[in-house]
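Q: I have a structure in front of me and would like to learn how to read it. Where do we begin?

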Amino acid sequence: MSTLAPELAVGPAALPAADALDRALRTASPAEVIAAAVRTLGREKVALVSSFGTESAALLKVMADVDPAIPVVFLDTGWLFEETLAYRDTLIAALGLTDVRSIKPDEEALSRQDPDRELWFSDPDACCRIRKVEPLARALKPFAGWINGRKRFQGGARADIPVVEDDGVRLKFNPFANVSREEIEAIYTLGKLPPHPLVASGYQSVGCMPCSSRSAAGEDARDGRWRGRAKTECGIHTMKMS
Ligand code: SF4
């Protein structure tokens with residue numbers, strides 16, 4: 001198990017440099033990365049952000065084994081599948097998660113900018129901004145760091161993510177940066193984790209209903225997201241934090 005140098009184990013008032021943490025954790029296991037995040041910032045100051053999608057149970061399982069009381073932020077965009085909401089509740093019970101916070105978009109922003117619920121079609125970046133980016137920015141305000149489940153094998157903008165980075169305001173931990181698809185599958189198998197209900201009907205990646213589609217054989221999982229558009233990310237990983 002890698003251990004942080006003592007000078008890195010400081011509180012949120014004096015956040016350690018992300019690149020120093022990244023160097024210290026570059027070969028650490030996902031559990032070691034999460035444990036280091038908690039040790040460095042304190043449990044109340046770090047949140048895991050989960051979509052409760054098709055691969056989410058693996059990261060939540062690793063987190064629960066470290067500490068099931070780490071806060072989990074879930075963005076309930078108003079466009080999620082019923083199956084995803086049910087899966088959230090299934091995983092809360094199965095993993096014993098004690099602090100899952102379901103965050104909704106601002107009602108006034110919705111009625112002003114998306115009164116007809118068609119913004120996903122006319123301007124998906126604006127839709128993601130009011131339904132995901134702004135709610136997440138608000139939800140993360142009390143935290144000094146956050147944990148997410150991106151992997152390098154997902155390619156695109158994720159192909160070279162570090163294990164620890166700085167989003168401009170907070171430390172951002174990517175415990176699965178180094179892991180392979182096979183290692184994720186092994187976590188599901190060993191942990192006897194239930195699959196997302198929509199996997200059985202062909203969804204390899206699940207987000208909002210209008211922007212998720214089944215994947216064809218040979219496609220990457222995220223090819224089913226925003227199909228037919230240049231968009232590949234919702235913006236929560238590219239937003240400028242405040
Ligand atoms: S994924 Fe689609 S429906 Fe969901 S917030 Fe983004 S544009 Fe809107």
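A: We begin with a definition: two strands pair if DSSP finds at least two bridges between them. The model here is predicted. In it, strand β1 (residues 46-49) and β2 pair in the parallel sense over 2 bridges.

Q: Which residue is the bridge partner of Val-49 in β2?
A: The partner of Val-49 is Val-73.

Q: How many bridges join β2 to strand β3?
A: β2 and β3 (residues 100-103) are joined by 4 bridges and run parallel. Leu-75 stands opposite Ile-103 in β3.

Q: What links the strands β1 and β2 in the β-α-β unit?
A: Helix α3 (residues 56-66) completes a right-handed β-α-β unit with β1 and β2. Helix α4 (residues 82-95) makes a right-handed unit of this kind with β2 and β3.

Q: Which way do the side chains of β2 point?
A: In a regular strand, side chains alternate between the two faces of the sheet. In β2 (residues 72-75), Val-72 and Phe-74 point one way, while Val-73 and Leu-75 point the other way. All four are buried.

Q: How many helices and strands are in the protein?
A: The protein has 8 helices and 6 strands. Its radius of gyration is 17 Å, close to the 18 Å from the globule rule for 242 residues, so it is as compact as a globular protein of that length.

Q: Which residues are closest to the ligand?
A: The closest are Pro-124, Cys-127, Cys-128, Cys-208 and Cys-211, out of 13 that surround the ligand. Helix α7 (residues 124-139) supplies the largest share of this shell, 5 residues. By type, the shell divides into 9 nonpolar, 2 polar and 2 charged residues.

Definitions and conventions: Residues are numbered from 1 along each chain as its sequence is written. This is a predicted model: local features need pLDDT of at least 70, side-chain atom pairs count only at pLDDT 80 or more; totals for chains, interfaces and linings use all residues. A residue is near a molecule or strand if its C-beta atom, placed from the backbone, lies within 6 Å of it. Ala, Val, Leu, Ile, Met, Phe, Trp, Tyr, Cys and Pro count as nonpolar, Asp, Glu, Lys and Arg as charged, and the others, Gly among them, as polar. The radius of gyration is taken over C-alpha atoms; the globule rule is 2.2 Å times the number of residues to the power 0.38. A residue is buried if 20 or more other C-beta atoms lie within 10 Å of its own, exposed if 12 or fewer, and partly exposed in between; C-beta atoms are placed from the backbone. A crossover is right-handed if, with the strands pointing away from the viewer, the path from the first strand over the helix to the second runs clockwise.
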